[in-house]
Amino acid sequence: MSENFMTLPLIPLRGISIFPNMIIHFDVGREKSRAAIEAAMENQTEIFLSTQKDYEIEEPKFEDIYEIGTICTIKQIIKLPNDVIRVLVEGIDRGKFTNLNDKDEYLEAEVEKIEEPSNDEYENIEAYVKLLKENFSKYIKASGNMRNNVISIFDTIENYSELADVVASYVIVDEEKKQEILQEIDCIKRIEKLLVIIGNEIDILK
């Protein structure tokens, strides 16, 4: 099997989306999701996280989960009262969810890792990144509650795909919009969508 195809324990997320290169913690209470974490830890594998289309569904099927999610590594788990696990994960790559295996104890996803193009493969992407930086700076000033040094991410992150994801994680609150950005593989189209979202957020703040 190609290294881009893998079978990983799956957690269907409710109400959150996770981007590559993002570190986040969340609580897991469902029995199969707890078992998926334990399986990933025991087998020293990564885990696949993808958001449910309907938050209310308790036992989601393949069609209830977005096909684009994030391949993650588990950094830490903390067992809380009432059989809840708090898990800290780091997003590694986008992945396309191609099939669901119900192993009774936990859900398992067949996943294709998405290879994102490098900066050099895009034409005129620097112009889009410049616009993103300008609009993100305007957003920070308009919000008034974010540290100005956040803009320094443009100096520290060289990969434009990663940069767009980081900006999205700062700006977007609505989970459907986050999922829309997560599902956009083309970096220029992702930045175009981000520019529209940032412009709307600035209008609201004003």
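At roughly what angle do the axes of helix α4 and helix α6 cross? In this predicted model, the axes of α4 (residues 160–171) and α6 (residues 187–205) come within 10 Å and cross at roughly 25°. Angles under 35 degrees count as roughly parallel, so α4 is roughly parallel to α6. The crossing of these helices is left-handed.

The residues that bring the two helices into contact can be listed from each side. Helix α4 contributes Tyr160, Ser161, Ala164, Asp165, Val167, Ala168 and Val171, while helix α6 contributes Cys187, Arg190, Ile191, Leu194, Ile198 and Glu201. By character, the residues of this contact comprise nine nonpolar, one polar and three charged.

One participant in the contact, Cys187 of α6, has a relative accessible area of 1% and is therefore buried, the limit being under 20%. Another cysteine, Cys72, lies in strand β4 (residues 68–80). Cys72 has 0% relative accessibility, so this residue also counts as buried.

The surroundings of Cys72 may be considered next. Apart from neighbours within four places in sequence, Cys72 is in contact with Ile18, Glu46, Ile47, Leu49, Val89, Glu90, Gly91 and Ile92. Of these, Gly91 is 19 residues away along the chain, yet the C-alpha atoms of Cys72 and Gly91 are separated by 4.4 Å.

Why do Cys72 and Cys187 not form a bond? A disulfide is a covalent bond between the sulfur atoms of two cysteines. The cysteine sulfur closest to that of Cys72 belongs to Cys187 and is 19 Å away, which is too far for a bond because a disulfide requires sulfur atoms within 2.5 Å. The structure accordingly holds zero disulfides.

Methods. Residues numbered from 1 in each chain as written. Predicted model: local features only at pLDDT ≥ 70, side-chain atom pairs only at ≥ 80, totals over all residues. Heavy atoms only, no water. Axes fitted to C-alpha atoms, helices over the stretch in contact; angles between N-to-C directions. Helix = DSSP H or I, 4+ residues; strand = E, 2+ residues; numbered from the N terminus. Parallel < 35°, antiparallel > 145°, perpendicular 65-115°, else oblique. Left-handed = near helix turned anticlockwise from the far one by under 90°. Contact = heavy atoms within 4.5 Å. Nonpolar A, V, L, I, M, F, W, Y, C, P; charged D, E, K, R; others polar. Buried < 20%, exposed > 50% of the residue type's maximum accessible area, 1.4 Å probe, protein only.
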